[in-house]
Amino acid sequence: MGDALVCPVCMGNTKVIDSRSTGDHSIRRRRKCVNGHRFTTFEVLSNEADQLDMLEKAEKELLAVADRLEKLSNHIRAAMKGKEQ
Ligand SMILES: [Zn+2]
């Protein structure tokens, strides 16, 4: 089936013994090699991975903006305090 993944331990041929969808477009496969080593692979659609990457970047940007807003509001609060006195 064009499935040429080899065992990371002994480089032997492997076969899928179980595969299940873990939710949004990702599949977890349990594999076993000819020498009995077992391991799991995790497949995610590549564009999904790109989206995750973009989400991570957007999250960092949002945190930076939130940080700036907090500093700004502290600044404004300090300025208002100065006016009251
Ligand atoms: Zn092996």
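# Exercises on a predicted chain

Met 11 is exposed, because 10 other C-beta atoms lie within 10 Å of its own. By the rule applied here, 12 or fewer such neighbours make a residue exposed, 20 or more make it buried, and counts in between make it partly exposed, with C-beta atoms placed from the backbone. The structure is a predicted model, in which local features need pLDDT of at least 70, side-chain atom pairs count only at pLDDT 80 or more, and totals for chains, interfaces and linings use all residues. Residue numbers start from 1 along each chain as its sequence is written.

## Exercise 1: Met 11

Locate Met 11 relative to S1 and describe its phi.

Solution. Step one: Met 11 belongs to the segment before S1. Step two: its phi is near 60 degrees, a positive value in a residue other than glycine.

## Exercise 2: Elements and sheet

List the elements of the protein chain in order, and establish how the strands are arranged.

Solution. Step one: the protein chain has 1 helix and 3 strands. These are DSSP runs numbered from the N terminus (helices H or I, at least four residues; strands E, at least two). From the N terminus on, the order is β-β-β-α.

Step two: the 3 strands make an open sheet, S1-S2-S3, with antiparallel pairing. Strand S1 (14–21) and strand S3 (38–44) are the edge strands, each pairing on one side only. From one strand to the next, the twist averages 25 degrees, the axes being lines fitted to C-alpha atoms and the angles running from 0 to 180 degrees between N-to-C directions.

Step three: strands of a sheet pair through backbone hydrogen bonds, parallel or antiparallel. Two strands count as paired if DSSP finds at least two bridges between them. S1 and S2 are joined in the antiparallel sense over 7 bridges, and Ser 19 has Arg 29 in S2 as its bridge partner. Strand S2 (residues 26–33) is joined to S3 by 7 bridges, also antiparallel; here Arg 28 stands opposite Phe 42 in S3.

Step four: S1 and S2 form a hairpin with 4 residues between them. In the turn, Gly 23 has a positive phi of about 135 degrees.

## Exercise 3: Helix residues

For Val 65 and His 75, decide whether each is buried or exposed.

Solution. Step one: Val 65 is in helix H1 (residues 46–84), and so is His 75. Step two: Val 65 is exposed, because 10 other C-beta atoms lie within 10 Å. His 75 is exposed as well, again with 10 other C-beta atoms within 10 Å.

Step three: the C-alpha atoms of Val 65 and Ser 26 are 32 Å apart, with 39 residues separating them along the chain. For His 75 and Cys 10, the C-alpha separation is 62 Å at 65 residues apart in sequence.

## Exercise 4: Overall dimensions

Compare the radius of gyration of the protein chain with that of a compact globule of 85 residues.

Solution. Step one: the globule would have a radius of gyration near 12 Å, but the protein chain has 25 Å. The quantity is taken over C-alpha atoms, and the globule rule is 2.2 Å times the number of residues to the power 0.38.

Step two: along the principal axes, the C-alpha atoms fill a box of roughly 80 × 25 × 15 Å. Step three: an automatic or database domain assignment divides the chain into domain 1 (1–44) and domain 2 (46–85), whose centres, taken over C-alpha atoms, are separated by 42 Å.

Step four: of the 85 residues, 2% count as buried.
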